[in-house]
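Q: Please take one part of the structure shown below and examine it closely. A formal account suited to a first-year student would be welcome, with each technical term explained when it appears.

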Amino acid sequence: MHLRKRTKRKLLSFVLVALIFGAVLVSTDHIKLPIGLTDGTNGPPSLHIGNTTAYFIDVGQGDSILIVTGDNRTVLIDAGGSTSASVVVSFIQNLSIGVIDAFVLTHPDADHIGWSDEVLEAFDVLAIYHSGFVKDTATYNRFEQAAKAEGCPIYTDEHLDPGDYLPLNSSVLFQVMHIDAEARDANSASIVLKMSCGTVDFLLTGDIDSKVESSIVSSFGAAVDIEVLKVAHHGSRYSSSEQFLSATSPEIAVISAGAGNTYGHPHEEALERLEASGATIYRTDMNGTMVITTDGVDWSVIT
């Protein structure tokens, strides 16, 4: 188990946020309500944090992250991998979860959306978010058909811009840091989310490369300073640049990759940069499923 205490600077920032919270919420430029959501979702998130848990599920070569907030909102980010489809579905069912508030598909590659149709069939999904990048594959077509059959609202970059928040009415904030349906490739289209639980921040990066990392740093500056990084693109050499790691300064780095995968993920160059950044590295190919729990100030990691 890995247990860490937040810095005084982070705690001071949280106190300041609490003091000026009402004033900040006067501006709603970046709290957009997609059509169809009730007015109740427009209220400010509660300052009561509770325990939020992020499950980085071992799906082999792929990504799937389940987040359960302190007020029992469920967010599933991606559902793909090289193991069987039942892995994600069974994992969620074993937690006695029947409703997924937000199903986020970062981009349309099979290792991220491969089992999305099974998830949509097994659970009551209230909203789907994807980049809007279209890929002419059987896997993407299955996802698209299953999403339409689910009948819930579907949101893409036509509805979301970087800086917007997912309207979950939760004590945890999910801010869009990147989304681009017109990207040069599927990986670069990835939805990137910053999840903020009190003073503890997670950055969930899909499969972005160093060019997108650089644009995020340029756009958001100090706001990318986080505690937990979901390492982009399974630890590819083309991600996790020195500039990005310097700006994000993660204390925990989670790599989702399959043991012995044919891509060679994670690449040695990325591992060396992550180690040099001072982050503690966890890998699903070595540690299995990882569970990170936070109360908004402290956090623990269980493998």
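**A sheet and its helices**

A: The chain exposes about 12,600 Å², of which carbon and sulfur atoms supply 52%; such accessible areas come from the Shrake-Rupley method with a 1.4 Å probe, and for residues only the protein chains shown count as cover. The model is predicted, so local features need pLDDT of at least 70 and side-chain atom pairs count only at pLDDT 80 or more, while totals for chains, interfaces and linings use all residues. Residues are numbered from 1 along each chain as its sequence is written, and side-chain values use heavy atoms, with hydrogens and water left out.

Of the 303 residues of the chain, 54% count as buried. Buried means under 20% relative accessible area and exposed means over 50%, with partly exposed in between (1.4 Å probe, protein chains only). The secondary structure comes to 10 helices and 17 strands; helices (H or I, at least four residues) and strands (E, at least two) are DSSP runs, numbered from the N terminus. Among contacts between residues at least 6 apart in sequence, 68% join residues at least 24 apart, a contact being heavy atoms within 4.5 Å.

The part chosen for the close look is an open sheet of six strands, with the order β10-β11-β12-β13-β14-β15 and mixed pairing. Its edge strands are β10 (173–178) and β15 (280–283), each of which pairs on one side only. From one strand to the next, the twist averages 20°. For such angles, axes are lines fitted to C-alpha atoms, for helices over the stretch in contact, and the angles run from 0 to 180 degrees between N-to-C directions. Two strands count as paired if DSSP finds at least two bridges between them. Strands of a sheet pair through backbone hydrogen bonds, either parallel or antiparallel. In this sheet, β14 and β15 pair in the parallel sense over four bridges, and the bridge partner of Ile-255 is Arg-283 in β15.

Two helices pack on this sheet. Helix α7 (residues 210–220) touches β10 and β11 (192–197), and its direction makes about 120° with that of β10. Helix α9 touches β13 (228–230), β14 and β15, and the direction of α9 makes about 140° with that of β15.

Helix α9 rewards further attention. Its buried residues are Ala-270, Leu-271 and Leu-274. These residues cover an arc of only 100° around the axis, which puts them on the same side of α9; the arc is that of the directions from the helix axis to the C-beta atoms. An α-helix has 3.6 residues a turn, so residues three or four places apart point the same way. The buried residues of α9 pack against β13, β14 and β15, and also against α8 (242–248). On the other side of α9, Glu-275 and Ala-276 are exposed. Just after α9, Gly-278 takes a positive phi of about 90°.

The loop that leads from the sheet to α9 also has a notable feature. Pro-266 lies between β14 (252–255) and α9 (268–277), and a cis peptide bond, with omega about -5°, joins His-265 to Pro-266. Most residues other than glycine have a negative phi, and most peptide bonds are trans.

Helix α6 (residues 138–150) offers a second example of a helix with a buried face. Its 13 residues reach 18 Å from first C-alpha to last, close to the 18 Å expected at 1.5 Å a residue; the expected span is 1.5 Å times one less than the number of residues. In α6, Thr-139, Tyr-140, Phe-143, Ala-146 and Ala-147 are buried. Seen down the axis of α6, these buried residues fall within an arc of 130°, so they line one face of the helix. Their packing partners are β6 (102–105), α4 (110–113), α5 (116–122), β8 (128–130) and β9 (154–155). Ala-138, Gln-145, Lys-148 and Ala-149 are exposed on the other side of α6.

Beyond the six-stranded sheet, strand β16 (residues 290–294) runs antiparallel to β17 (residues 299–302), and four bridges join the two. Val-291 stands opposite Ile-302 in β17. The two strands form a hairpin with four residues between them, and in the turn Gly-296 has a positive phi of about 100°.
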